[in-house]
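Dear colleague,

I am handing over the structure we spoke about, and below it you will find notes on what turned up when its charged side chains were examined. Please read them with the structure open beside you.

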Amino acid sequence: MTDIAGEPSTEPPKPHADRPLSRGRTDTWRHPAWVRLAHWLNVAAVVVLIMSGLNILLAHPHLYWGVRSTFADPWLSTPTPPDWLLIPQGRNLAEARNWHFLFAWIFVLNGLAYLLLGLITRRFGRRMWPTPADLKGFGPAVVEHARFHFPTDDHARAYNVIQKLTYLAMILIVLPMMLITGLSMSPGFNAVGGVLLDLMGGRQSARTLHFISAGLIVGFIVIHVGLVIWTGLFNNMRSMFTGWFVIEPPGSTAGPKLRRKPPADAGDAS
């Protein structure tokens, strides 16, 4: 490395600077250690919460609005899931609640730490908050997603506007709704803060909203995992384990290439 005057620089190279690879690719730093740790703790917590939550739902697999469950005309009745989707295996309400409450606190504490570090490091502002230019490009982004066309070149360095809005909706709306509705149904919390149930419209409304929140989280996970596979499973997983992500040469995409109309004067060269 040299300085402006052409003399060798004594400044050590930055540890997270881009690293050139073969065939015009670039290894770039994407996720610091705290993001990766929070991500995998979240994965473990959410899996246990969903599987234990299904076991809890089995105690009465019907959802209602309001204060009471009348056992007639439920808003929604859920099918019985297979045992392999349950924690613990088989129908066990008491033990399922223990699993659910334990990992709910792991999920909450991990989420609070993630939020705090994201604000302190300004990562949220840099990577997740959409800019006016992002919002203007919302329409084209929807079209590209509908075509399953995703850039893997320099455009992949930053989240696109749909990713940003989706992540913010999960962090600021869905996950808080999951937490608030879960707390409102907790007998221990009701002893000191029972007003939450009134705000939710009653225990059955809170239970239904909790289920809807869980459904939105499951839907997010399915789409997220699908896109991770579609845009490069090895590269995406590597970035979430090591922090490093490979940027492909300009013009590279995951998915089908965009078809462009030929020029009006195109024809046989002969």
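Is Arg157 buried, partly exposed or exposed? With a relative accessibility of 31%, Arg157 counts as partly exposed, and please keep in mind throughout that this is a predicted model.

As general background, side chains of opposite charge can pair when their charged atoms come close. In this structure there are five salt bridges, and some of them are described here.

Arg157 pairs with Asp154 in a salt bridge whose closest N and O atoms lie 2.9 Å apart. Asp154 is itself partly exposed, its relative accessible area being 47%. A network of salt bridges links Asp18, Asp154 and Arg157, which gives you a group of three residues to look at together.

A further set of contacts involves Asp27, which counts as buried because its relative accessibility is 2%, and buried means under 20%. The side chain of Asp27 meets that of Arg19 in a salt bridge of 2.8 Å, taken from N to O, and Arg19 counts as partly exposed at 37% relative accessibility.

Asp27 also forms a salt bridge with Arg238, again with an N to O distance of 2.8 Å. This pair links distant parts of the chain, since Arg238 belongs to helix α10 (residues 233–242) and Asp27 to strand β2 (residues 26–29), 211 residues apart. Arg238 is partly exposed, with a relative accessible area of 22%.

With best wishes

Notes. Residues numbered from 1 in each chain as written. Predicted model: local features only at pLDDT ≥ 70, side-chain atom pairs only at ≥ 80, totals over all residues. Heavy atoms only, no water. Salt bridge = Lys/Arg side-chain N within 4 Å of Asp/Glu carboxyl O. Buried < 20%, exposed > 50% of the residue type's maximum accessible area, 1.4 Å probe, protein only. Helix = DSSP H or I, 4+ residues; strand = E, 2+ residues; numbered from the N terminus.
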